[in-house]
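Grab the model below and work through these exercises with the viewer open. Try each task yourself before reading its solution.

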Amino acid sequence: MTTATPRRVLTMNRGSSTLKSTLYETARQNEPLLAMSVDQKGRTDSRLKIADSKGNILLDTAVDSGESNAAVETMLAWLGAQGFLIGLAAVGHRLVHGGPKYREPQRVTAEFMAEIEKIVPLDPDHLPAAIRGIQFVSAKLPQVPQVACFDTAFHRTLPQVARLYALPRRLFEQGIARYGFHGLSYEYIMSELVRLEGKLADGRVIIAHLGSGASMAAVKNGKSVDTSMGFVPLEGLVMSTRPGDVDPGVLLYLLEQEKMAPAELSTLLNKKSGLLGVSETSGDMRALLENSGRDPRAADAVELFCYRAKKYIGAYAAVLGGLDLLIFAGGIGEHAPAIRKRICEGMGFLGIRLDFAANDANAGLISAGDSSVRVRVIETNEDLMIVRHVVALLGWASA
């Protein structure tokens with residue numbers, strides 16, 4: 001009697017300068033078979049790393065990150081040589097922006113690719129690399145179906161009032177609206193909340209996805225009703241190198257008075273602002289926390305990050321009409337107890353009280369026993385969410 005070949009899904013999660021990838025077996029979604037990552041900042045010493053489910057490094061090799069798909073080519077070659085592509089049934093891609101048209105995961109076709117090319121101006125930092133990646137995989141694995149999953153899709157439930165900018169109506173009708181991002185992360189967290197909290201997950205929930213990219217979402221009855229990022233992933237919270245909320249007059253001033261070119265302004269907003277811009281030393285919260293005692297600029301960056309997050313929690317509690325659950329996720333949200341503590345300080349009037357020992361230990365539940373708001377830390381998993389969407393879209397039975 002022969003054993004059926006396991007069905008496998010490869011995920012591709014591209015940032016503007018990074019690539020993260022995982023290999024899952026659909027019948028065993030508790031952990032990936034492999035996790036892969038590469039830094040693609042244009043340096044010739046970038047390295048592709050592949051690790052097994054235990055974290056053991058199986059491959060650590062230099063790649064030419066000047067060619068956007070060099071790492072993917074090296075990765076696929078190694079996977080093929082090691083037999084990991086046996087049973088590969090699909091490739092799932094995270095796309096940051098779906099524009100006004102794509103509100104659900106999509107099977108990749110020639111028609112889809114033609115449509116997604118049209119919305120590149122909405123996300124020039126992420127979409128071009130993602131499109132090149134899809135095209136590269138199509139050429140290397142032409143018989144393997146591909147699925148695109150959008151970070152904007154979770155926020156398709158935003159009410160119109162939360163989608164509108166106070167600009168001429170014709171611009172809204174042209175697609176200039178608030179879309180929201182980090183949707184795959186929020187979707188996974190909500191699925192975990194249902195498992196952990198049952199019916200309370202249908203209550204009034206604020207999720208703070210705090211990482212190098214940071215955003216917050218207000219969720220009610222399991223649906224997104226507001227979120228801090230808008231038309232592109234620049235609005236809202238302070239981020240590693242992005243500023244979050246900025247008076248549009250500042251941008252006009254830089255264009256008109258400082259004679260800054262649009263490309264230069266884009267670089268300023270996407271690469272040189274946020275924690276890095278305020279501190280002038282680093283966009284890494286770990287380094288800023290370490291240096292904040294002796295560097296007032298680092299201290300300013302940390303304080304501004306926490307202050308902006310605190311403001312949004314208050315605003316979203318008002319939008320929700322109260323608060324039942326506050327969730328921290330993302331690299332900072334999951335691993336920086338000092339940041340969680342500072343954000344929650346002074347929020348007792350909302351019913352938020354931390355158990356400081358649990359918070360310091362990065363426990364799953366960090367609210368105090370007398371806190372009327374349950375505060376949790378949940379490790380997010382965008383890749384597993386991609387796998388679930390692939391399984392659902394392609395009509396496979398999932399174990």
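**Exercise 1. Find which strands helix 11 lies across, and work out the sheet they belong to.**

Keep in mind that this is a predicted model.

Step 1. Start with helix 11, residues 296-320: it lies across strand 9 (204-210), strand 10 (214-220), strand 11 and strand 12, and runs at about 15° to strand 10.

Step 2. Now lay out the sheet. Its 5 strands come in the order 11-10-9-12-13, the sheet is open, and the pairing is mixed.

Step 3. Look at the edges. Strand 11 (223-227) and strand 13 (374-377) each have a single partner strand, so one side of each has no neighbour in the sheet.

Step 4. Check the twist: on average, neighbouring strands of this sheet are turned by 25° against each other, ignoring direction.

**Exercise 2. Starting from strand 9, work out how it pairs with strand 10 and with strand 12.**

Step 1. Take strand 10. Strand 9 runs antiparallel to strand 10, and 7 bridges join them. The two form a hairpin with 3 residues between them. For a landmark, find Leu210, which stands opposite Ala214 in strand 10.

Step 2. Go to strand 12. Here strand 9 pairs in the parallel sense, over 5 bridges. His209 has Ala329 of strand 12 as its bridge partner.

Step 3. Carry on from strand 12 (residues 325-329) to strand 13: these run parallel and share 4 bridges. Phe328 sits opposite Val377 of strand 13.

Step 4. Ask how covered strand 9 is. With 6 of its 7 residues buried, strand 9 is mostly covered.

**Exercise 3. Which residues of the largest nonpolar core touch the most other members?**

Step 1. The core holds 42 residues, and the ones that touch the most other members are Leu210, Met216, Phe305, Leu326, Phe328, Ile339 and Ile352.

Step 2. Trace the elements that give two or more residues to this core: strand 9, strand 10, helix 10 (285-291), helix 11, strand 12, helix 13 (337-344) and strand 13. Helix 11 supplies the largest share, 10 residues.

Step 3. Zoom in on Ile339. Skipping neighbours within four places in sequence, Ile339 is in contact with Met285, Leu289, Val302, Phe305, Cys306 and Ile332.

Step 4. Don't stop there: apart from this core lies another, of 24 residues, including Leu23, Leu59, Val91 and Val144.

**Exercise 4. Classify the packing of helix 11 on helix 13, then that of helix 7 on helix 8.**

Step 1. You'll want two numbers, since packed helices are described by the angle between their axes and the distance between the axes.

Step 2. For helix 11 and helix 13, the axes cross at roughly 50° and come within 8 Å. That angle makes helix 11 oblique to helix 13, and the crossing is right-handed.

Step 3. Pick out the contact residues. Helix 11 brings Val302, Glu303, Phe305, Cys306, Ala309, Lys310 and Ile313, while helix 13 brings Ile339, Arg342, Ile343 and Cys344.

Step 4. Repeat for helix 7 (residues 248-256) and helix 8 (residues 262-271). Their axes are 10 Å apart, at an angle of about 135°. So helix 7 is oblique to helix 8, and this crossing is right-handed.

Step 5. In this pair, Leu251, Leu254 and Leu255 of helix 7 meet Pro262, Leu265, Leu268 and Leu269 of helix 8.

**Exercise 5. Work out how strand 2 is paired and how far it is enclosed.**

Step 1. Strand 1 (residues 8-14) runs antiparallel to strand 2, with 7 bridges joining them. Arg14 stands opposite Leu19 of strand 2.

Step 2. Strand 3 (residues 34-39) also pairs with strand 2 in the antiparallel sense, over 6 bridges. Lys20 faces Ser37 of strand 3 as its opposite number.

Step 3. Count the buried positions: 6 of the 8 residues of strand 2 (residues 18-25) are buried, so strand 2 is largely enclosed by the rest of the structure.

**Exercise 6. Is Ser53 buried, partly exposed or exposed?**

Step 1. Locate Ser53 in the loop between strand 4 (47-52) and strand 5 (57-62).

Step 2. Its relative accessibility is 34%, so Ser53 counts as partly exposed.

Step 3. See what Ser53 touches: leaving out residues up to four places away in sequence, that gives Glu31, Pro32 and Leu33. Ser53 and Glu31 are 22 residues apart in sequence, yet their C-alpha atoms are 6.6 Å apart in space.

Note on methods
Residues are numbered from 1 along each chain as its sequence is written. This is a predicted model: local features need pLDDT of at least 70, side-chain atom pairs count only at pLDDT 80 or more; totals for chains, interfaces and linings use all residues. Side-chain values use heavy atoms; hydrogens and water are left out. Two strands pair if DSSP finds at least two bridges between them. Axes are lines fitted to C-alpha atoms, for helices over the stretch in contact, and angles run from 0 to 180 degrees between N-to-C directions. Contact means heavy atoms within 4.5 Å. A nonpolar core is a set of buried Ala, Val, Leu, Ile, Met, Phe, Trp, Tyr and Cys residues joined through side-chain atoms within 4.5 Å. Buried means under 20% relative accessible area, exposed over 50%, partly exposed in between (1.4 Å probe, protein chains only). Angles under 35 degrees count as roughly parallel, over 145 as roughly antiparallel, 65 to 115 as roughly perpendicular and the rest as oblique. A crossing is left-handed if the near helix is turned anticlockwise from the far one by less than a right angle, and right-handed if clockwise.
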